[in-house]
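Please open the structure in the viewer and keep the selection tool at hand. The tour below proposes one selection after another and describes what is found at each.

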Amino acid sequence: MTSPSVSFRRATPHDAVALSAFARRVFHDTFAADNTPEDMAVYLAQAFSPAKQLAELEDARRVCLLMEADGILIGYASLLDSAPHAAVVAGHPVELERFYVDQRWHGRGVAASLMDAARTVARAWQGDVLWLGVWERNAKAIRFYEKQGFERIGAQTFRLGSDEQQDAVMSTALTA
Ligand SMILES: CC(C)(COP(=O)(O)OP(=O)(O)OC[C@H]1O[C@@H](n2cnc3c(N)ncnc32)[C@H](O)[C@@H]1OP(=O)(O)O)[C@@H](O)C(=O)NCCC(=O)NCCS
């Protein structure tokens with residue numbers, strides 16, 4: 001199947017409100033069935049408020065890439081130049097902090113295009129390893145990351161509201 005035509009751009013602080021609404025919707029679509037409404041409400045308010053999105057978009061250690069189809073936001077990837085998880089062995093690791101595609105666009109190849117765009121940003125930072133945490137119960141995302149060359153290298157905890165969850169930590173080398 002050929003990939004539909006999508007475009008990419010770096011988010012700016014002007015995108016904070018739209019990004020907040022999109023991120024909340026996609027996170028809810030993905031995880032609401034496996035979590036309590038209370039835990040979801042706490043996490044959505046804490047992680048994806050417009051103020052939090054704005055602060056992240058103004059943070060020089062982060063880049064947020066928006067993926068659009070006909071000007072409509074259909075996915076985003078957030079990269080963070082941060083201290084890595086202990087299992088990450090790299091000279092300059094870059095964290096793929098968020099990676100979300102609208103459900104209507106799953107299975108159509110655009111997630112791979114978003115990953116290509118994310119790798120390009122990470123390489124431009126002189127990153128040599130891209131790493132991420134993914135809920136161990138998110139089999140679809142884990143399968144996607146494996147197809148993209150990521151391997152499991154460890155685990156970390158993630159707090160969703162009152163629930164402490166196990167994330168798999170995965171990484172892949174950023175070859176030129
Ligand atoms: C993760 C995500 C970006 C992948 O994009 P996608 O377009 O769905 O990816 P693909 O279709 O290329 O690959 C998904 C793979 O998982 C498989 N899959 C689908 N549902 C699955 C399930 N319940 N269990 C295991 N594998 C599953 C698909 O068959 C496919 O594998 P295949 O190509 O070998 O058949 C997208 O699903 C998404 O945004 N999900 C919601 C947000 C999310 O979970 N983000 C990751 C947070 S760390």
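Begin by selecting F27 and F31, both of which are buried in this predicted model. Buried here means under 20% relative accessible area. The two residues are four places apart in helix α1, so about one helical turn separates them. Display their rings: the centres are 4.7 Å apart and the planes meet at 55°, so this pair is classed as tilted.

Next, select Y76 and Y100, which are both buried. How far apart are the centres of their rings? The distance is 5.7 Å, and because the planes stand at 35°, this pair is tilted. Y76 belongs to strand β3 and Y100 to strand β4, so the pair ties together parts that are 24 residues apart in sequence.

Now widen the selection to F22, F27, F31, Y43, F48, Y76, Y100, W135 and F158, which ring pairs link into a cluster. In the whole structure, a search finds 13 aromatic pairs.

Return to helix α1, residues 16–31, and add helix α3, residues 50–57. The two helices pack at an angle of about 120°, and their axes are 8 Å apart. The crossing of α1 with α3 is right-handed. To see where they meet, select A16, V17, L19 and S20 on the α1 side, and P50, Q53, L54 and L57 on the α3 side. Of the residues in this contact, six are nonpolar, two are polar and none is charged.

The next stop is the largest nonpolar core, which has 32 residues. Which of them have the most contacts inside the core? They are L79, L96, F99, M115, L130, V134 and Y145. Colour the elements that each supply at least two residues of this core: the strands β2 (62–69), β3 (72–80), β4 (93–101), β5 (129–135) and β7 (163–173), together with the helices α4 (110–124) and α5 (139–147). The largest share, eight residues, comes from α4. Apart from this core lies another, of 21 residues, which includes A23, V26, F27 and F31. The tilted ring pair of F27 and F31 from the opening selection thus appears again here.

Centre the view on L130 and show what surrounds it. Leaving aside neighbours within four places in sequence, L130 is in contact with L79, V94, L96, M115, R119, A122, F150, M170, S171, T172 and L174.

Select I153 next, in strand β6, which covers residues 151–160. Is I153 buried or partly exposed? Its relative accessibility is 31%, so I153 counts as partly exposed. Beyond its neighbours within four places in sequence, I153 has contacts with A87, V88, V169, M170 and S171. The C-alpha atoms of I153 and M170 are separated by 5.4 Å, while the two residues are 17 places apart along the chain.

Finish at P84, in the loop between β3 and β4. P84 is partly exposed, with a relative accessible area of 36%. Not counting residues up to four places away in sequence, P84 touches P93 and W131. For a last distance, select E164 as well: its C-alpha atom is 20 Å from that of P84, and the two residues are 80 places apart along the chain.

Notes: Residues numbered from 1 in each chain as written. Predicted model: local features only at pLDDT ≥ 70, side-chain atom pairs only at ≥ 80, totals over all residues. Heavy atoms only, no water. Core = buried A, V, L, I, M, F, W, Y, C linked by side-chain atoms within 4.5 Å. Buried < 20%, exposed > 50% of the residue type's maximum accessible area, 1.4 Å probe, protein only. Contact = heavy atoms within 4.5 Å. Axes fitted to C-alpha atoms, helices over the stretch in contact; angles between N-to-C directions. Left-handed = near helix turned anticlockwise from the far one by under 90°. Nonpolar A, V, L, I, M, F, W, Y, C, P; charged D, E, K, R; others polar. Phe/Tyr/Trp six-rings, centres within 6.5 Å; stacked < 30°, edge-to-face > 60°.
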